[in-house]
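Have the model open in your viewer and get ready to select as you read. We will go stop by stop, looking at what each selection shows.

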Amino acid sequence: MGDVGVEPTGPLVNGGGVGETFQCLARENIDLKGILGSVLSVDDRLRWEAEAELERAKAQSPKTFLCDLGKVFADKSANPDIRRLAGIILKNSLTGCVGEFVNTQCFQGLVENIFSVLQSDIQPVRRCASQLAAELASYEIHCGLARDTLSWLISSTASDQLSPLLVEACLEAIGFISEELISKHGKTAPILLDQTLPILEVVVGRIRSPPTWEVQLKASNTLFFLLDFLSGPLGNRERLTEIMEILFTLADSRNMEVRLSAFHCLVYLAGSIYTELSPFIERIFAKAERAILYDEEPPALQALEFWSTLASVEIDNLENLASEQGNYVQTHGKFESLIAPVAKQLCYVLLACLTRQEEYQDEDTWNKAASARVCLGLLSRVAPSTVIEYVAPFISENVMDENSWRRREAATMALGIIAVDAMPAVLEDIVNESLPFLLMGLLHDECLAVRVTTALTLAKICKVSESACTLYFSELAQNLSIALRDDESVAKHACRGLYNLADYYKFADGVTESELASLAQVLRPLMMELFSLADRSSVEREGLKGLAFRSIGNYVDCAPESCLPILNEVATALLERLLVLRKDRPLSPNERAGIIYAQGILMASLTRYLSRVNPGNTGLVFKAKDRALEFIVHNSDDTLTEKALKLLAVIEKNLNADANGISEQIAPTLLALINSGRDGSIASGTMCAAVDAILELVRSAGNGFEAYLPTTVQTILELLSHPEVVWRFGPCLLTSLGELSLALGEGFQPYVDSSLVVMQGAAKISLSGEGVDQSLVSEEQVLQVGYKVRKRLNKEQQKMMLKQRFPSQQIRRSILHSTSCILRSSAGNGQRTLAVQKLSWVLAICENVSGDDSARKLNPYLADALVGLAITVVVEMMSVEAQGQVQEWIKKLLEKGFSSPNPEIKSLAGKAAVEIGLHSS
């Protein structure tokens with residue numbers, strides 16, 4: 001296949017023949033075509049040798065190498081794949097270094113060959129030429145040179161004398177230029193503004209009068225990159241109206257790809273200039289409705305994406321408004337929605353799409369039905385009353401349709417989509433009316449797609465409908481348990497439904513005795529089905545095995561006291577499976593991650609059981625202790641180590657540590673782990689869990705821990721002498737000093753002085769910022785983090801951000817806590833007065849709390865904790881040593897306590913005012 005068309009005269013060419021330019025190839029005797037062909041070989045050895053030869057040629061003579069690539073790229077007789085590869089290598093070699101060759105004769109010939117390829121009839125080769133032309137134009141623009149290349153591309157695009165292929169390639173090059181410059185400089189950069197209008201004019205002209213539909217498509221794709229300017233300095237109502245008219249014309253094109261491009265542009269506008277689309281919303285809906293219902297799938301999906309994008313923007317605006325006004329529901333009446341005028345018609349369109357599903361599709365299938373599900377869910381948050389009004393009758397009419405599985409599935413899916421927390425009465429009625437049929441269909445519907453959707457919807461109902469959980473608990477538990485035997489796609493949602501059902505018992509207010517009796521009746525068979533599901537499932541992370549174990553742990557939490565014998569059996573089964581998962585065998589990375597995930601859930605479930613049941617010195621507890629220590633010593637996953645430490649801490653409560661010599665087995669392992677915090681080799685969560693385990697061992701072992709006490713305190717004090725450790729682990733380590741003093745009483749007195757010295761040093765570090773980890777989020781940065789960013793973080797990310805937001809405030813809270821503990825543990829033994837005399841520096845922290853409002857802006861809970869601890873410390877110190885007249889900052893601190901929304905802090909402030917001689921009023 002050859003190249004066609006008129007020979008263009010490219011810019012940057014001031015003379016020099018192509019033949020003369022490439023005489024260098026013959027001199028070097030390099031078969032560049034052959035080398036490039038070898039690079040495309042499937043033979044690894046041949047490909048590696050060819051790539052090395054290319055690198056040598058480039059290193060020996062970069063200019064010659066570029067010229068040779070240009071010759072191959074322009075050679076019409078060469079293999080198209082080799083030409084394309086030459087173009088790609090040429091572009092990568094030119095990027096960032098055009099200036100080194102721009103004034104050479106070699107470069108002039110290279111440019112001429114690049115522009116000759118712009119009219120090639122081989123699309124991949126022509127596209128490479130467009131990318132190279134864009135690279136040349138970008139170089140001219142960045143260096144402030146005459147913009148010959150861009151001007152030539154614009155004039156060639158507007159010309160009716162050149163071939164359509166060349167016009168198409170020029171449009172594509174202009175698109176590349178616009179995309180690259182906007183990404184680097186932004187839409188308001190002066191470097192772009194003087195050329196934007198000529199580009200926009202020529203692109204619009206080619207959309208209106210294209211020689212071929214391919215040219216119109218390239219012009220439409222290029223227009224997409226220019227849409228950014230509509231929200232910049234060049235944006236105005238007239239220009240937007242012109243662009244919208246063009247997009248409406250493109251949406252009516254006979255060519256599917258052109259229609260797709262039009263909706264692609266509309267989706268972008270929905271996210272970028274949402275507020276400007278109000279005058280066009282009715283016409284957009286008309287075009288989108290026709291595309292969704294009657295067009296091919298690609299344009300239909302983009303039309304659905306437009307409404308999903310618009311709804312997402314409105315949800316963001318609603319939530320931002322709610323964060324300012326404090327009520328999400330009330331903001332609907334104060335928010336002008338663009339979707340509201342067409343919400344009714346849109347509901348009709350979306351429900352029609354829900355019935356166009358495929359019978360056999362997985363979760364990754366993306367079609368009209370899947371896209372409509374997402375869009376309906378978003379719409380139900382923007383216009384909830386309208387959606388319920390139009391969807392509720394659809395559900396009632398079709399959820400029991402015996403003649404059409406598609407309508408049954410669509411109605412069931414719609415019910416799951418609109419079932420939300422605090423459902424209105426009309427929706428609760430529909431849920432309760434539909435449940436008997438859904439429960440029957442879950443087990444007996446012949447269509448797998450209906451059973452999958454039914455399980456998904458029932459899981460949602462178990463999460464949001466308290467009345468359904470109350471009225472149909474036994475039926476839900478039994479049918480969902482049986483559904484665990486079904487296909488994995490059904491079992492997954494049924495398992496999630498059982499998990500949500502357990503949540504109802506954990507968190508619902510006023511669970512009755514009859515409801516608890518119902519749970520006790522179904523618990524044993526339910527647990528058997530969950531264990532059976534876990535045993536037959538793969539060990540992939542976040543897979544069914546992990547979900548089944550999580551559900552078991554949830555029922556361990558919520559089971560009534562009458563079920564304790566069943567829970568003992570469950571705990572034994574959990575421990576057995578923890579041992580099975582420890583078996584060594586070759587594992588894939590995915591399997592290993594899945595095993596770690598399952599092990600973590602098993603240990604968390606055992607921790608829940610031991611926390612609740614406290615079986616004492618049983619064989620189960622001793623086995624669990626051995627497994628936990630094994631994980632701590634031999635495991636390299638921080639999350640798993642943290643869970644093992646939490647399990648160990650609960651085990652210590654169950655064991656008579658002093659009688660069984662447990663300290664000798666546990667203490668050295670825990671101390672070694674804590675000591676590794678010096679080099680930062682463990683995570684902060686692991687450090688906190690290890691410290692908690694040591695503290696629990698101290699409380700449980702009593703005198704049995706005496707031999708390890710000096711080493712424990714010395715290890716903690718040594719760690720706190722390093723500023724970087726204070727910032728990373730300071731809160732938990734400082735808190736541990738106070739907890740040790742409470743647990744040991746007089747036994748801690750030898751360590752009080754050294755502890756106070758280290759605490760004072762930590763306080764200075766928190767005030768000075770010495771050694772602070774720059775990766776931590778500063779308090780000022782947190783205040784600047786927008787609501788949109790914070791709300792999109794998952795729970796683990798929010799938890800991590802909470803830990804890292806304000807380390808200095810966390811450190812001060814821990815210091816105040818430990819100070820209070822040391823003062824309380826010193827009471828009555830003659831040491832309290834001495835301790836108070838050494839704690840004058842703590843009053844400076846308390847004074848700081850009285851005048852610092854930044855903590856409340858960051859986290860009101862932390863602010864209350866600081867105020868409460870500061871009041872406690874002040875009162876305890878003043879009760880030992882008379883302070884004379886109460887200072888103003890103490891009065892201000894008490895005022896903060898009185899103004900706290902926390903009743904406990906208010907009460908504490910009132911008692912403190914009485915104790916120091918002030919009136920609580």
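What should the 15 residues of helix α13 (residues 237–251) span at 1.5 Å a residue, and how far apart are its end C-alpha atoms? Select the helix and check: the expected span is 21 Å and the end C-alpha atoms of α13 are 21 Å apart, so the two agree. Keep in mind as you go that this is a predicted model. While α13 is selected, colour its buried residues: R239, L240, I243, M244, I246, L247, F248, L250 and A251.

**The whole protein**

Now zoom out. The protein has 48 helices and zero strands, so a cartoon view will serve you well for the rest of the tour. Of its 921 residues, 54% are buried. Among contacts with a separation of 6 or more, 73% join residues 24 or more positions apart.

**A pair of helices**

Next, select helix α15 (residues 281–294) together with helix α18 (residues 343–354). Their axes come within 10 Å and cross at roughly 10°. That angle is under 35 degrees, and α15 and α18 are therefore roughly parallel to each other. Show side chains where they meet: F285, E289, I292 and L293 on the α15 side, and Q345, L346, V349, A352 and C353 on the α18 side. By type, the residues of this contact divide into seven nonpolar, one polar and one charged.

**Into the nonpolar core**

The largest nonpolar core has 285 residues, and W307 and Y555 touch the most other members of this core. Centre the view on Y555. Leaving aside neighbours within four places in sequence, Y555 is in contact with L498, L501, A502, L519, L523, L526, M527 and L530. As a rule, nonpolar side chains in soluble globular proteins tend to be buried together.

**A buried isoleucine**

Move to helix α20 (residues 384–398) and pick out I395. Is I395 buried or exposed? With 0% relative accessibility, I395 counts as buried. Add L415 to the selection: I395 and L415 are 20 residues apart in sequence, with 6.6 Å between their C-alpha atoms. Beyond four places in sequence, the contacts of I395 are A411, A414, L415, I418, I430 and S434.

**An enclosed helix**

Helix α23 (residues 448–464) comes next. From first C-alpha to last, its 17 residues reach 25 Å, close to the 24 Å expected at 1.5 Å a residue. Why can α23 be called largely enclosed by the rest of the structure? Because 13 of its 17 residues are buried.

**A buried asparagine**

Go on to helix α25 (residues 473–483), where you will find N479. Its relative accessible area is 14%, and N479 is buried. Which residues does N479 touch, not counting those up to four places away in sequence? They are L439, M440, L442 and L443. Draw a distance from N479 to L442: the C-alpha atoms are 7.4 Å apart, for residues 37 apart in sequence.

**A partly exposed leucine**

For the last stop, select L742 in helix α37 (residues 723–744). With a relative accessible area of 38%, L742 is partly exposed. Residues up to four places away in sequence aside, L742 touches C821, R824 and S825. Finally, show R699 as well: R699 and L742 are 43 residues apart in sequence and 9.5 Å apart in space, C-alpha to C-alpha.

Conventions. Residues are numbered from 1 along each chain as its sequence is written. This is a predicted model: local features need pLDDT of at least 70, side-chain atom pairs count only at pLDDT 80 or more; totals for chains, interfaces and linings use all residues. Side-chain values use heavy atoms; hydrogens and water are left out. Helices (H or I, at least four residues) and strands (E, at least two) are DSSP runs, numbered from the N terminus. The expected span of a helix is 1.5 Å times one less than its number of residues. Buried means under 20% relative accessible area, exposed over 50%, partly exposed in between (1.4 Å probe, protein chains only). Contact means heavy atoms within 4.5 Å. Axes are lines fitted to C-alpha atoms, for helices over the stretch in contact, and angles run from 0 to 180 degrees between N-to-C directions. Angles under 35 degrees count as roughly parallel, over 145 as roughly antiparallel, 65 to 115 as roughly perpendicular and the rest as oblique. Ala, Val, Leu, Ile, Met, Phe, Trp, Tyr, Cys and Pro count as nonpolar, Asp, Glu, Lys and Arg as charged, and the others, Gly among them, as polar. A nonpolar core is a set of buried Ala, Val, Leu, Ile, Met, Phe, Trp, Tyr and Cys residues joined through side-chain atoms within 4.5 Å.
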